[in-house]
Every structure is written in C-alpha cells, then in structure tokens.
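Here are a few exercises to work through with the model open beside you. Try each task before you read its solution.

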Amino acid sequence: MIEARLGVTTCDKCQEPMTKGQPVLMIAEGNIAESDDNLTLRGSCVRYACHLSCWDGIEDIELSDATLKS
Ligand SMILES: [Zn+2]
C-alpha cells in the first residue's frame with residue numbers, strides 16, 4: 001500500500017478538487033529502496049495527479065524535468 005500526501009488538491013487535468021473516495025491516478029517520483037522480488041519505492045514527490053476518469057494517456061503530461069521527456 002502506498003500513501004501519498006499532496007499539497008495541491010486539484011486535478012491536474014480538469015482543475016476540479018480531488019476528494020475522498022474518488023479514484024485518482026498519480027505519477028510519483030522516488031528512489032528504489034529495495035529490489036528483490038518486489039520493488040520498494042521511497043517516494044519524494046508526486047509529479048502529476050488527476051482523477052482516474054480524466055486520464056487519457058501519457059502524452060498528456062508535461063513533466064518539467066527535461067531528462068524525463070522522450
Ligand atoms: Zn479531473
């Protein structure tokens with residue numbers, strides 16, 4: 001289970017608030033803390049968050065970090 005806390009509570013796509021109980025999608029940045037049969041991610045920040053119903057593909061995302069762009 002992953003728990004994340006965001007300072008921004010609005011959807012990056014529709015700008016509406018993301019509230020309790022809503023299915024959402026988040027793209028998190030972090031480091032692999034352990035790698036055996038499973039990968040354990042130690043997250044440092046959330047790059048993108050939107051309602052699951054708003055998600056329409058990765059090409060939608062504009063990451064600020066140039067090294068992550070294709
Ligand atoms: Zn939305």
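**Exercise 1. Work out how much of the contact map is long-range.**

Start with contacts whose separation is 6 or more: residues 24 or more positions apart account for 43% of them in the protein. Contact here means that two C-beta atoms, placed from the backbone, lie within 7 Å. A quick word on ground rules: this is a predicted model, where local features need pLDDT of at least 70, side-chain atom pairs count only at pLDDT 80 or more, and totals for chains, interfaces and linings use all residues. Residues are numbered from 1 along each chain as its sequence is written.

**Exercise 2. Tally the secondary structure and the burial.**

First, the elements: the protein has 0 helices and 2 strands, taken as DSSP runs numbered from the N terminus (helices H or I, at least four residues; strands E, at least two). Next, burial: of the 70 residues, 6% are buried. The cut-offs count other C-beta atoms within 10 Å of a residue's own, placed from the backbone: 20 or more is buried, 12 or fewer exposed, in between partly exposed.

**Exercise 3. Place Leu6 and find its partners.**

Leu6 sits in the segment before S1. Leu6 counts as exposed because it has 12 C-beta neighbours inside 10 Å. Leaving out residues up to four places away in sequence, Leu6 touches Val46 and Ala49. For Leu6 and Ala49, 43 residues apart along the chain, the C-alpha separation is 9.0 Å.

**Exercise 4. Check the backbone at Gln15.**

Locate Gln15 in the segment before strand S1 (24-35). Its phi is near 70 degrees, a positive value in a non-glycine residue. Most residues other than glycine have a negative phi. Gln15 is exposed, because 9 other C-beta atoms lie within 10 Å.
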